[in-house]
Amino acid sequence: MSDWAPIAKEYDPLKAGSIDGTDEEPHDRAIWRAMLARYVPNKGVTGDPHLTLFVARLNLQTTEEKLKEVFSRYGDIRKIRLVRDLVTGFSKGYAFIEYKEERALMKAHRDANRLVIDQHEIFVDFELERTLKGWIPRRLGGGFGGKKESGQLRFGGRDRPFRKPINLPNMKSDFYGEGSAEKRNWSREGSRDWRTRDRDHDRSRDKRWPERERSWTWGESERDSKEERSRGRERKDRDRKDRDRDRSRERDTKKQRDDDKHR
């Protein structure tokens with residue numbers, strides 16, 4: 001556990017399927033499939049992988065021209081590849097953008113993530129297919145993504161980093177250091193971001209517990225008061241019906257007496 005880090009330095013399908021990277025058994029079939037897969041990166045892809053960004057969650061109507069307009073503000077672009085369906089020619093919703101300089105790449109990686117383009121909030125990360133050892137794409141059960149509804153989430157990426165294991169002691173890790181360009185770690189956006197996020201998460205969780213307790217107490221008292229009001233209304237209804245019934249009987253008795261007198 002001494003080498004734990006929120007971002008995976010090497011792709012392991014078993015760890016990627018675990019929220020904290022500590023699972024010892026796969027919990028879904030897709031993980032088994034990824035563990036058995038032998039994936040070779042596409043040799044037809046050209047360009048420098050260390051200067052390439054992966055851009056996903058694009059509007060299917062977004063074009064290369066629109067991407068160039070948005071991403072050229074961070075620096076000079078060498079190439080944009082919007083991935084399209086081979087049969088229909090329609091966009092698949094993701095693209096690869098290669099910059100001429102690393103400085104532009106890092107700026108776009110830092111600032112462009114979660115930008116809204118054509119009414120879609122995009123996701124930006126470094127290219128992983130040719131740079132992360134052991135990479136297995138999503139179609140083979142790997143990747144860093146997935147939807148909660150599918151029950152096949154993958155962790156260890158920028159979008160969904162590993163959570164700190166419960167029994168892991170506080171420690172320093174070289175992962176948070178800056179390192180050289182050759183040993184690029186995938187936390188280039190800064191170690192403070194991750195640690196601050198962890199602290200904020202823990203603090204907000206501690207704050208939420210008293211609020212939840214108060215809300216539960218308030219909910220119980222509200223239910224009790226509603227039940228009491230309901231019972232009170234029922235008693236009033238019964239009393240009113242009893243009074244109406246007694247008055248009706250009195251009127252009938254009085255009428256009977258009057259009839260007897262006139263006879």
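So, is Thr 63 buried, exposed or partly exposed? Keep in mind as we go that this is a predicted model. Thr 63 counts as partly exposed, because its relative accessibility comes out at 30%, and the buried label needs a value under 20%. You'll find Thr 63 in the loop between β1 (52–56) and α3 (64–71). Its side chain makes a polar contact, at 3.3 Å, with the side chain of Glu 65. And if you want a landmark across the fold, take Ala 95: Thr 63 and Ala 95 are 32 residues apart in sequence, and C-alpha to C-alpha they sit 10.0 Å apart in space.

Okay, let's walk into the helix that follows that loop. In α3, the buried residues are Leu 67, Val 70 and Phe 71. Look down the axis of α3 and those buried residues fall within an arc of 85 degrees, so they line one face of the helix. Glu 65, Lys 68 and Glu 69 are on the other side of α3, and they are exposed. So Glu 65, the partner of Thr 63 in that polar contact, belongs to the exposed side, because over 50% relative accessible area is what counts as exposed.

What covers the buried residues of α3? Quite a list: it includes β1, β2 (77–84), β3 (91–99), α4 (102–111), β4 (116–117) and β6 (123–126). Phe 71 is a good one to click on. Skip its neighbours within four places in sequence, and Phe 71 is in contact with Val 55, Ile 77, Ile 97, Tyr 99, Ala 108, Ala 112, Ile 117, Ile 122 and Val 124.

That takes us to the cores. In soluble globular proteins, nonpolar side chains tend to be buried together. Here, the largest nonpolar core has 21 residues, and the members that touch the most others are Leu 53, Val 55, Leu 58, Phe 71, Tyr 99, Ile 122 and Val 124. At least two residues of this core come from each of β1, α3, β2, β3, α4 and β6. The most generous is α4, which gives four residues. Apart from this core lies another one, of 15 residues, with Trp 4, Trp 135, Phe 155 and Phe 162 among them.

Now for the rings. How many aromatic pairs does the structure hold? Seven. One of them is Phe 54 with Tyr 94, a tilted pair at 5.9 Å centre to centre, with 55 degrees between the planes. That pair links distant parts of the chain, since Phe 54 is in strand β1 and Tyr 94 is in strand β3, 40 residues apart. Both rings are partly exposed: Phe 54 has a relative accessible area of 23%, and Tyr 94 has 27%.

Phe 54 also pairs with Phe 96, again tilted, at 5.5 Å centre to centre and 45 degrees between the planes. Phe 54 lies in strand β1 and Phe 96 in strand β3, so this pair ties together parts that are 42 residues apart in sequence. Phe 96 is buried, because its relative accessible area is 13%.

Two last stops. Tyr 11, Trp 135 and Phe 144 form one aromatic cluster, and Trp 135 is also among the residues of that 15-residue core. Finally, Arg 160 lies over the face of Phe 155, at 5.9 Å from the ring centre, and Phe 155 is another member of the 15-residue core.

Conventions: Residues are numbered from 1 along each chain as its sequence is written. This is a predicted model: local features need pLDDT of at least 70, side-chain atom pairs count only at pLDDT 80 or more; totals for chains, interfaces and linings use all residues. Side-chain values use heavy atoms; hydrogens and water are left out. Buried means under 20% relative accessible area, exposed over 50%, partly exposed in between (1.4 Å probe, protein chains only). A polar contact is a pair of N or O atoms within 3.5 Å; within protein, one must be able to donate a hydrogen and the other to accept it, and residues adjacent in sequence count only if both atoms are side-chain atoms. The arc is that of the directions from the helix axis to the C-beta atoms. Contact means heavy atoms within 4.5 Å. Rings of Phe, Tyr and Trp (its six-membered ring) pair if their centres lie within 6.5 Å; planes under 30 degrees apart count as stacked, over 60 as edge-to-face and the rest as tilted. A charge sits over a ring if NZ of Lys or CZ of Arg is within 6 Å of the ring centre and within 35 degrees of the ring normal. A nonpolar core is a set of buried Ala, Val, Leu, Ile, Met, Phe, Trp, Tyr and Cys residues joined through side-chain atoms within 4.5 Å.
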